[in-house]
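Subject: Structure for you, with notes

Hello,

Here is the structure you were waiting for. Please open it next to this email; my notes follow below it.

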Amino acid sequence: MAPSRRRAVLIGVNHCGYDVQLPALRYAESDAQAMRSVLLDERIGTFDDGDVDLYIGPHATWQDIKTKLRDIALDSRPSDVLLVYFAGHALVPEWSTQLDAYLVTSDLEPDKLRREPDNGLRMAFLKRDVFETFAGTSFLILDCCHAGIYLDANLRHAEAMQTYRTQVDRHSALLACPNGSAARESDEHRHGLLTHHLLRGLRGQANGSGRVSFGQMATYVAEQGLEPPPVQLVQMYGPTTVLTQPPVSRHERQALSAPANPGTTRPCKSPLEDRSSSIMQLLGRVFRSEAHPLPPSHQQGQAERVEIIRYALDADSVAVLEFSGRGIGVVNSTARFDKDELWPMLELSAADAMQYRTSMPGHVVSNDADRRLLCVPVSYEDDRTLTLIVVDPALALLDMGEPLAVMLRTIWDSNPLDDPTEAEMRVMTALRTNFGRLPLNLYQYAFSLYQKLIGSMTMVFQPVVELDQRAAGVSVHSYEALARRADHEVRAPLLALRMAYAWGDRFVIERDALLLEKAVRSYAAADAEAPWQGTKPLSVNVAVRSLLSDSYLTQVSKALAEADLHPRTLTLEISEQDPIQPGPGERWPQEPLAYFHRRLTDLARELRINFAVDDFGVGYASLARMAELPLTQIKVDRAVLHHPLALEELALVARVARHALDRGHAPQARVVTVEGYDDEAPISLKEIYDLGIHHVQGYFCGEVATTSLRPLDQSVRDRIGARVRGEE
């Protein structure tokens, strides 16, 4: 006979899918995690690690959960046990005429259920397709907050729970509330009330001997005086199926030499801790919902954004108004916005928006008729203030307060439909900038989102041209890898690249590692198709903080090895816009420049790669930095070209580049490259060449940065040679 298997599927969802009328919960996800800890407890748990599936937060999607439950049911044997636990909201759509309800998963879209009623985790699915199909003994625990408080006092999801009384004999259930009542959370216990007592019962309170069956646990919870009282259905094997037991437990079957659990850690509470679920919900409605009700005219720009914001906040209407000394003007609005009806409230809003436009991110205007306007100034110029007006938004989101205003202002400034990943990352970065440390789940989500944003970029290669008075001597010397949102774009995605600095070293290092790996891999492929023998040098940008990270340098070595590129091919360009200094609380054993010099020297010897200083002339540029670091190249920023003393500055750079050679400390001078040279530059190629600078990078050569490598056309070489000779 096959051994019995004990399976558990635990679900916890704080935010309410895409339904902003439901209030975000605070403890549902931690409730599910606590249940998992009890079932797998080394002393009392009766479940094995691989047989407990946890779905929380954004990973709790109805499709994944239904697939897992259906697989478990179909593969079950009569001796098996299945426990399903859910903490969150339950929802009965207003159009439903059946005694059925949905457990609200992170991706539930109530607006789509009328046409696609199976696009969710229904009670009927659990009853019919899971528990009635499951061959063994099954248990259901629902700790559901009553959705009717915010939607409809007569919702019947508690009645739907009663349908489990018709279940098969080997099925039992513990339900948080009877018909027409609401489950509650407890700030004191930091759990749902039902789950708080459930956990106490499983940890031994339900039975003096510590051996707790489902029936004993259900009885214990029912005796705790909860209001409303829970509903329990305990049938056949419910009183005898043990969920937890006293020591010694399942881990006696394993080696007793396992190290003791040292405990747990958690970060200090973030000011946004209680708002994280609402933030995630709003992000989902703006950036991931397929239900944006955009008009058939396919509006673009501002009109498109006001409609998205109206949908995201489930508002009556949204408008963008211009407040000025001349009055109140409507710049854009959704269909139902009525300026005349709202005029008294708009006048109040205008006064505050103009007076506090730089000091107050938003305010709420309300009247005796329970109308509410959320007002968020989005831009201002002279006496004109452009303000976003949201009419009667969902109260659950309005309670977010200032974070909501910050998010809306950033959504307005971004482009949610054209580039949703970058726009969403801009919103996360605005929260980071305005409120400091974010809750851990939001921080981790932002990190994965930033990985996705950087991973979606394309690397193109811009040639560095070696100048000569002879056309035959003009050639491509090397290439610099540049990140682009698409291979046809000319401009760098500076906003996306610089977001990393708002988040700290982890984001900066991850950005540089992802771009380095992408650049090396793409360059190796392009080099294999290049029409010349040998591999030309490649430059890739890097931040100072990345060069201090061993994990980044490991990625450099790994990328070169996988692409089969010689390390000497690679030059890492250190931006002059990055300070060379310890981070907050960090101490270096030497002066910053000396410490970094030693670091680069060691890396050059160990990795056999080259280093260059990039963007000289901006940011933290200094002669000491350029002269004292072990660099093979110096790249001069285009800003120097437009300086009144440009020739003098370039001459000084050229002398510094030759300094080690002149003193006999190097076999050759450092290469100096002038970046960003184009036909608008006030300095000629002849003047640059006469200074001893023979490398120039920019669009002057007619070559844009592309994903392929190709030689310069003969006509381009002829023209550059003539300009170097001063003939053009």
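Gly726 comes after helix α23, and its phi is positive, near 85°. Helix α23 itself covers residues 714-724. Its buried residues are Val716, Arg717, Ile720, Gly721, Ala722, Arg723 and Val724. Among the elements that cover them are β18 (458-466) and α22 (685-690).

Keep in mind that this is a predicted model.

**Overall picture**

The chain has 728 residues, and 54% of them count as buried. It holds 23 helices and 25 strands. Take the contacts with a separation of 6 or more: 70% of them join residues 24 or more positions apart.

**Two helix pairs**

Start with α16 (residues 505-528) and α18 (residues 550-563). Their axes come within 9 Å and cross at roughly 10°. Angles under 35 degrees count as roughly parallel, so α16 and α18 are roughly parallel to each other. On the α16 side, the contact uses Ile509, Asp512, Ala513, Leu516, Glu517, Val520 and Ala524. On the α18 side, it uses Ser551, Tyr552, Gln555, Val556, Ala559, Leu560 and Ala563. By class, the contact residues are 10 nonpolar, two polar and two charged.

The other pair is α1 (residues 28-39) with α6 (residues 193-205). Here the axes are 11 Å apart and the packing angle is about 5°. The helices α1 and α6 are therefore roughly parallel to each other. From α1, the residues involved are Asp31, Ala34, Met35 and Val38. They meet Thr195, Leu198, Leu199, Leu202 and Arg203 of α6. This contact divides into six nonpolar residues, one polar and two charged.

**Two positive phi values outside glycine**

Most residues other than glycine have a negative phi. Two residues are worth a look on that count.

Arg190 has a positive phi, near 60°. It sits in the loop between β8 (185-186) and β9 (191-192). Its relative accessibility is 45%, so Arg190 counts as partly exposed.

Asp564 also has a positive phi, near 60°. Its loop runs between α18 and β21 (570-575). Is Asp564 buried or exposed? Its relative accessibility is 69%, and the cut-off for exposed is over 50%. Asp564 therefore counts as exposed.

**Around α13**

Glu424 lies in helix α13 (residues 420-435). This residue is buried, with a relative accessible area of 4%. What does Glu424 touch, leaving aside neighbours within four places in sequence? The contacts are Leu283, Phe287, Arg288, Tyr445 and Leu449.

Leu438 is in the loop between α13 and α14 (440-455). It is buried too, at a relative accessible area of 2%. Beyond its neighbours within four places in sequence, Leu438 contacts Ser270, Leu272, Met428, Leu431, Arg432, Tyr443 and Trp503. One of these partners, Met428, is 10 residues away from Leu438 in sequence. Their C-alpha atoms are 9.3 Å apart.

**Met360**

Met360 belongs to the loop between α10 (343-355) and β15 (363-366). With a relative accessible area of 26%, Met360 is partly exposed. Not counting residues up to four places away in sequence, Met360 touches Asp352 and Pro377. Val376 is 16 residues from Met360 in sequence. From C-alpha to C-alpha, Met360 and Val376 are 8.7 Å apart.

**Cavities**

How many cavities of 30 Å³ or more does a search of the whole structure find? The search finds five. The largest has a volume of about 80 Å³. Its lining is made of 10 residues. Nearest its centre are Ala176, Ala183, Arg184, Leu193 and Leu194. By class, the lining has seven nonpolar residues, three charged and no polar ones.

That is everything from my side.

Best wishes

Key:
Residues are numbered from 1 along each chain as its sequence is written. This is a predicted model: local features need pLDDT of at least 70, side-chain atom pairs count only at pLDDT 80 or more; totals for chains, interfaces and linings use all residues. Side-chain values use heavy atoms; hydrogens and water are left out. Axes are lines fitted to C-alpha atoms, for helices over the stretch in contact, and angles run from 0 to 180 degrees between N-to-C directions. Helices (H or I, at least four residues) and strands (E, at least two) are DSSP runs, numbered from the N terminus. Angles under 35 degrees count as roughly parallel, over 145 as roughly antiparallel, 65 to 115 as roughly perpendicular and the rest as oblique. Contact means heavy atoms within 4.5 Å. Ala, Val, Leu, Ile, Met, Phe, Trp, Tyr, Cys and Pro count as nonpolar, Asp, Glu, Lys and Arg as charged, and the others, Gly among them, as polar. On a 1 Å grid over the protein atoms alone, a cavity is a set of points where a 1.4 Å probe fits but cannot get out, and a pocket is an open set with protein on both sides within 12 Å along at least five of seven lines; lining residues have an atom within 4 Å of a point. Grid points are joined across faces, edges and corners, and a volume is the space filled by probe spheres set on the points. Buried means under 20% relative accessible area, exposed over 50%, partly exposed in between (1.4 Å probe, protein chains only).
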